[in-house]
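Trainee: I should like to examine one part of this structure closely, namely the salt bridges and their surroundings. Could you please take me through them?

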Amino acid sequence: MSINIPKLTVVGAGPGDEDLITLKAIKAIESANVILYDALINESLLKYAAESAELIFVGKRKGCYAFQQEQINELIVSKAKEKGHVVRLKGGDPFIFGRGAEEIDFVRQFGLETYVVPGISSSIAVPAYQGIPLTKRGASESFWVITGTTKNHQLSDDIALAVKSTATVVILMGMSKLSEIVQIFSNENKQDTAIAVIQNGTRNNENVGIGIISTIEDIVEEKQLANPAIIIIGEVVKQRAVLGSIYKEVIQE
C-alpha cells in the first residue's frame, strides 16, 4: 500500500471477546499506518498492528472524553495525509450508534478514500452469549435496537413506541435512563415483563442481572451493574436458562 494515498478504514472490533473479530478487520489492522481506537474495544486486538503503526487512544465514555468528536474527525484527516492508511477501530459495529458514518462523511470532504469493515454488534452478540435469542417463534417476531441516550442526552422517543409492541427491545447506552425506561414499561402495565442487564458482555468480567421490570432496579443496585451494559426486555429473556446450559456445554469442549 502506498502511503501517498490517504485513506480511512472504519473497522468494527466486535462486542469485546477478542475472538469475535472478522478476518477482514484483522487484515485492515495489520495494514494500518495509524490506528485510532475507542475505549470499548479489546486492546489485545492491537497486537495485530504493525510495529511501525502509530496507536492513538481516542476513547469516549460517559463524562470522560480523550478527544471530542470534532477533534477525532480532524485527527483522521491530518494523520491520513501525513502517513497514509488510518484505521478507526470502534467497538461493536461502527454503523450501529458508532458514528462511523459521520466520520466517513467528514473525511470525504478532504479527498480521503473511505472503506468500512462491519463488526459483530453487541446488540446481537451479548444476548446470544447469555443464551437469549432476540427472536423465537411464539415469543418474539421482531426486535428493536434503540439508543438509550440521544445526542440531546434525552431518552429516545422510540422506546415509548417499542413498548406498545410484542417485540424484543434492546437498549444500548441506557443505564443512566433505567428508571425512565422502567416507568415507561410500568405505564403500559408491563411490570412483569422479563428484563436482562448485561455489563461487559462477552468479556471475562461479564456481569448479568435478570429480573422483571418491577425488580430490575433493585437487582442492578445489588449486583452493582453499570456501563458499559446493554438492556434486553421481552419474553425471550425467559429462554436464557434453557439455552444457557447448552452454551456452557459448548464452551467446555
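Mentor: Glu103 is buried, because its relative accessibility is 0%, and a residue must lie under 20% to be called buried. Please keep in mind that this is a predicted model. Arg88 is likewise buried, since its relative accessibility is 0%. These two residues form a salt bridge with each other, and their closest N and O atoms are 3.1 Å apart. Glu103 belongs to helix α3, which covers residues 100-108, while Arg88 belongs to strand β6, which covers residues 85-90; the salt bridge thus links distant parts of the chain, 15 residues apart.

The pair does not stand alone. Asp38, Arg88, Lys90 and Glu103 are joined into one network by salt bridges that share partners. In the whole model the count comes to 11 salt bridges.

Another of these salt bridges is formed by Glu18 and Lys47, with 2.5 Å between the closest N and O atoms. Glu18 is in the loop between β1 (7-12) and α1 (23-31), and Lys47 is in the loop between β2 (34-37) and β3 (54-57), so this salt bridge ties together parts that are 29 residues apart in sequence. Lys47 counts as exposed because its relative accessibility is 55%, and the cut-off for exposed is over 50%.

A further salt bridge is the one between Glu235 and Lys238, whose closest N and O atoms are 3.5 Å apart. Glu235 has a relative accessible area of 40%, so this residue is partly exposed.

Let us now turn from charged side chains to a nonpolar part of the surface. Ile96, Phe97 and Met173 make a nonpolar surface patch of about 250 Å². Within this patch, Met173 is located in the loop between β9 (168-172) and α6 (178-187). Met173 counts as partly exposed because its relative accessibility is 40%.

Ile96 also leads to a buried residue, for Ser121 touches Ile96 as well as Gly92 and Asp93, when residues up to four places away in sequence are not counted. Ser121 is placed in the loop between β7 (113-117) and α4 (122-129). With a relative accessibility of 7%, Ser121 counts as buried. Ile96 therefore appears twice in this account: as part of the nonpolar surface patch, and as a residue touched by the buried Ser121.

Notes: Residues numbered from 1 in each chain as written. Predicted model: local features only at pLDDT ≥ 70, side-chain atom pairs only at ≥ 80, totals over all residues. Heavy atoms only, no water. Salt bridge = Lys/Arg side-chain N within 4 Å of Asp/Glu carboxyl O. Helix = DSSP H or I, 4+ residues; strand = E, 2+ residues; numbered from the N terminus. Buried < 20%, exposed > 50% of the residue type's maximum accessible area, 1.4 Å probe, protein only. Patch = residues over 30% accessible without salt bridge, like charges linked within 9 Å, V, L, I, M, F, W, Y side chains within 5 Å. Areas by Shrake-Rupley, 256 points an atom, 1.4 Å probe, with all protein chains shown as cover. Contact = heavy atoms within 4.5 Å.
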